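Hello,

Here is the structure I promised to pass on. Have a look at it first, and my notes follow below.

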Amino acid sequence: MAANMKAVKLRIKSVESTMQITKAMELVASSKLRKAKERADTCRPYFQELYRTLQEIAKGNTEFYSVYVKEAVQEKCCYVLIAGDRGLAGGYNANLLRCFEEDAKGKMVSVLPIGKKAVEYVRSNNLEYVTDAFAEIADISVADCFEIASILCKEFRQGTFGHVELCYTRFVSILTQNPESVPVLPLIDIAKEEQGHNEKERIRNLILYEPNGVEVFNSIVPEYLGGLIYGGVCESVASELAARRNAMEKATGNAQDMIDELNLYYNRERQAGITQEITEIVGGAECL
Amino acid sequence: MSTFPLRIGTPDGLLYEGEVARLVCRTINGDLAILPRHCNYCTALGMGEAHIILEDGSRKNAACIGGMLSVMNGTCHVLATTWEWEEDIDTERAEDARKRAEARLAEGGLSDKEYRIVKAKLQRALVRLGVKE
């Protein structure tokens, strides 16, 4: 009896210390989240505007000389996979990787992982990767994104792969984050995506390119890619922190429930011990 | 004065949204002005001074570095890598950057990549200082 009580007491202590950790992680995540959310919010209009503008251009495009625009010859697809650096964020990394697996099924892929978890995933699955120089998502800046973009553009021009997709987690709200995969290059891919949504709008807008289409796209596309990757990184970082905060909040709640239950059990045991002792004393006294 | 809607976006947020009478900026092909009722148009931005003329005729100067400009159905979108209004430019910082870049160029012995980076830094600093003057 006494040994059992001691075990329960120890268990309560250990759950309490776990709770302290999860509580601390929750606080850290929520204070970081505020900053990350701000960054994602300021960056979002640019991100959306960029994608929408390029989509419109692609839809109305009649220029098929630039490699960035025309239908891809190469089947291989390069995924820019943006995951987190650490675990303990609920289903954040798992959801993203599942989304990637579904999208990449049956395709020839090459990955550009961003974030430690993405790099680990690529290594353990023996996938082909472009570079793993961007393992820490936490210190990725705008300049890094433009560097990634220029690497991708170089490979794309050389024909290493024919499509580029961006796989990231969209920050909808603190409670919801959706992993998604969007086509980025060639531009004809993003026009197709749009047409799937509304079939009616098929009128072509004629656009004047200056000095000419090829040159315009050659200088726009790296910028567009860099901007899009930066947007994806901002959204993903905010999503990761929000997911971690939620997971830790739940963990703290669960630990509290567990402690309550164990305390109840412990008190019941203690009471039972006392009752038994009294019974024994009374029984002994009656015998005298 | 007739006007057209303009939106200026950068990774640091949407910097301008509203009606303007004229937009002037540097593209890869030289300076360019966009007026109302422009046809659909698309080009890449270079590094240089830019300004907008508001409906009341007042002028706002800015430094514009890289990005794209598109006019679609009368709406003009400027998506720049950096777009700084004249009042937001930090002259001291730009001056510092200019001096540092010039010193490094004078030193010599840079690799091709370093040379490009330093040169781009110098150019950016010069554009910023040019707008301030």
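**Helix α4 of chain A and the largest pocket**

On one side of α4(A), opposite its buried residues, A:Ala143 and A:Gln158 are exposed (over 50% relative accessible area; buried is under 20%, partly exposed in between, with a 1.4 Å probe and protein chains only). Please note that this is a predicted model, where local features need pLDDT of at least 70, side-chain atom pairs count only at pLDDT 80 or more, and totals for chains, interfaces and linings use all residues. Residues are numbered from 1 along each chain as its sequence is written, chains are lettered from A and ligands numbered from 1 in the order written, and side-chain values use heavy atoms, without hydrogens and water.

The buried residues of α4(A) are A:Cys145, A:Phe146, A:Ile148, A:Ala149, A:Leu152, A:Cys153 and A:Phe156. They line one face of the helix, because they fall within an arc of 155° seen down its axis (taken from the directions from the axis to the C-beta atoms). Their packing partners (heavy atoms within 4.5 Å) include β1 (77-82) and α6 (213-287) of chain A, and also β6 (75-85) of chain B. After the helix comes A:Gly159, with a positive phi near 85°.

α4(A) also gives the largest pocket the largest share of its lining, nine residues. In total 38 residues line this pocket, and among those nearest its centre are A:Phe146 and B:Arg124. By class, the lining has 15 nonpolar, seven polar (Gly among them) and 16 charged (Asp, Glu, Lys and Arg) residues.

Best wishes

Conventions: Helix = DSSP H or I, 4+ residues; strand = E, 2+ residues; numbered from the N terminus. 1 Å grid on protein atoms, 1.4 Å probe; cavity = no way out; pocket = protein on both sides within 12 Å on 5 of 7 lines; lining within 4 Å.
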